[in-house]
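Subject: Structure handover

Hello,

The structure you asked for is placed below. My notes on it follow.

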Amino acid sequence: MKITRSTAAPHGNRRRPSRRTRLICTAVLVAGATALTPVAFGAASTPAAPSALPSSCTASANGRAVFNDGFEGSAENFNFVKHRYDGAEAGSSITAATSPALAGKQSGRFTVPGDGKSWRAEVANDAMGYGAYRFSFANYLPADWERTNFDTIVAQWHGKPLSDGSNTNPPIALSVRNSEWLLSVFHLENPTDTEPVRREYRLGTVSLGKWNNWTFDIDWSTADHAGALRVCRDGRQLVNDSGENNFHQPKEPYFKVGIYRPSWNPAKGRDFPIGVSVATVHIDSVTVTDLD
């Protein structure tokens with residue numbers, strides 16, 4: 001089992017944090033698969049309390065479906081209420097595609113060209129309230145996906161600006177770097193901090209040209225409630241995380257899927273090669289279940 005460490009990396013126009021927090025991931029056998037359980041030194045603690053999550057993200061969930069999107073019809077008819085594209089043209093960055101499709105006749109197709117100005121194509125929903133939820137979705141990276149040494153975020157739960165007004169990292173983010181799936185979980189040691197503490201999990205090798213079925217069981221932490229997070233891919237539990245998993249703001253994080261490449265944002269003053277392959281991700285079968 002690999003030992004990893006977390007560093008609070010900036011996710012906007014912010015200075016690089018100077019504090020580093022060590023993270024040790026220990027192996028735990030869950031439903032016949034190795035799951036990762038972190039122990040973060042120096043992290044703020046919250047009182048232990050029973051979680052509303054199922055025993056495993058491979059177990060069936062007893063709850064009420066509060067959202068779904070199969071990306072049928074034209075993009076403007078998707079159930080996700082917010083479309084965000086930066087740099088890319090609106091008519092080409094978020095579209096419906098008939099192939100590949102996991103369920104139904106279509107999937108959502110998200111495209112970010114390597115043109116020196118584009119970095120985002122995402123859809124989002126309004127926040128649903130603190131509590132426990134199951135987020136299920138599938139994503140597909142095509143066979144010609146270009147592997148890069150920077151993060152491409154394909155799903156995230158994002159918060160609001162911090163106490164000093166600065167933007168920051170999403171509390172939970174699923175990304176691709178090189179040939180690996182990565183999960184990042186952020187929290188603040190103190191409410192007035194502007195340097196989040198990060199826990200990072202390496203979730204295995206990315207397989208191109210196939211659908212990946214994800215389940216995120218999230219019990220949002222609050223000031224008086226310890227959070228929990230379990231992550232499964234294709235029926236195998238990969239992460240069993242407990243502790244603070246957001247910034248305990250008045251509004252809880254909201255859900256986004258698609259493509260976000262923060263290192264391609266021209267506002268950060270970073271150069272990247274123009275003419276690299278177009279980044280495309282397909283998303284299908286999104287369901288959110290309220291577990292409370």
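Contact here means heavy atoms within 4.5 Å. The model is a predicted one, in which local features need pLDDT of at least 70 and side-chain atom pairs count only at pLDDT 80 or more, while totals for chains, interfaces and linings use all residues. Residues are numbered from 1 along each chain as its sequence is written, and side-chain values use heavy atoms, with hydrogens and water left out.

Confidence

pLDDT is the predictor's confidence in each residue, from 0 to 100. The chain has an average of 82, and 79% of the residues score at least 70. Strand β14 (residues 211-219) has the highest confidence in the chain, at a mean of 98, and strand β2 (residues 20-30) the lowest, at 37. Residues 1-48 have a pLDDT below 50, yet in the model this stretch makes 141 contacts beyond near neighbours in sequence. Strands, like helices, are DSSP runs numbered from the N terminus (E, at least two residues, for strands; H or I, at least four, for helices).

Asn 139 and the core

Asn 139 is in strand β9. Its relative accessible area is 0%, so Asn 139 is buried; buried means under 20% relative accessible area, exposed over 50%, and partly exposed in between (1.4 Å probe, protein chains only). Leaving out residues up to four places away in sequence, Asn 139 touches Val 154, Leu 174, Trp 181, Lys 210, Trp 211, Asn 212, Trp 214, Val 281, His 282 and Ile 283. With Trp 214 there is also a side-chain polar contact of 3.1 Å. A polar contact is a pair of N or O atoms within 3.5 Å; within protein, one must be able to donate a hydrogen and the other to accept it, and residues adjacent in sequence count only if both atoms are side-chain atoms.

The largest nonpolar core has 49 residues, and Leu 183 and Phe 216 touch the most other members. The biggest contribution to this core, five residues, comes from strand β18 (residues 279-290). A nonpolar core is a set of buried Ala, Val, Leu, Ile, Met, Phe, Trp, Tyr and Cys residues joined through side-chain atoms within 4.5 Å. Setting aside neighbours within four places in sequence, the contacts of Phe 216 include Tyr 133, Phe 135, Trp 157, Leu 183 and Val 231.

Disulfide

A disulfide is a pair of cysteine sulfur atoms within 2.5 Å, and a search of the whole structure finds one. The bond joins Cys 57 to Cys 232, with an S to S distance of 1.8 Å. Cys 57 lies in the loop between β3 (33-40) and β4 (64-69) and Cys 232 in strand β15 (residues 228-233), so the disulfide ties together parts that are 175 residues apart in sequence. The torsion about the S-S bond is about 90 degrees, so the disulfide is right-handed. Cys 57 is buried at 4% relative accessibility, and Cys 232 is buried at 3%.

Salt bridges

A salt bridge is a side-chain nitrogen of Lys or Arg within 4 Å of a carboxyl oxygen of Asp or Glu. By this rule there are 14.

- Arg 199 and Asp 241 meet at 2.8 Å, N to O. Arg 199 lies in strand β13 (residues 197-205) and Asp 241 in strand β16 (residues 236-242), so the pair ties together parts 42 residues apart in sequence. Arg 199 is buried at 4%, as is Asp 241 at 0%.
- Asp 126 pairs with Lys 82, the closest N and O atoms being 3.0 Å apart. Asp 126 is partly exposed at 46%, and Lys 82 is partly exposed at 39%.
- Arg 84 and Asp 86 meet at 3.3 Å, N to O. Arg 84 is partly exposed at 43%, whereas Asp 86 is buried at 13%. A network of salt bridges links these two residues with Arg 120, Glu 122 and Lys 256.

Backbone

Most residues other than glycine have a negative phi, and most peptide bonds are trans. Which residues are joined by a cis peptide bond? Ser 99 and Pro 100 are, with omega about -5 degrees; Pro 100 is in the loop between β6 (94-97) and β7 (107-112). Phe 71 has a positive phi, near 60 degrees, and is found in the loop between β4 and β5. Phe 71 is buried at 0% relative accessible area. His 248 also has a positive phi, about 55 degrees; this residue is in the loop between β16 and β17 (254-260) and is partly exposed at 28%.

Regards
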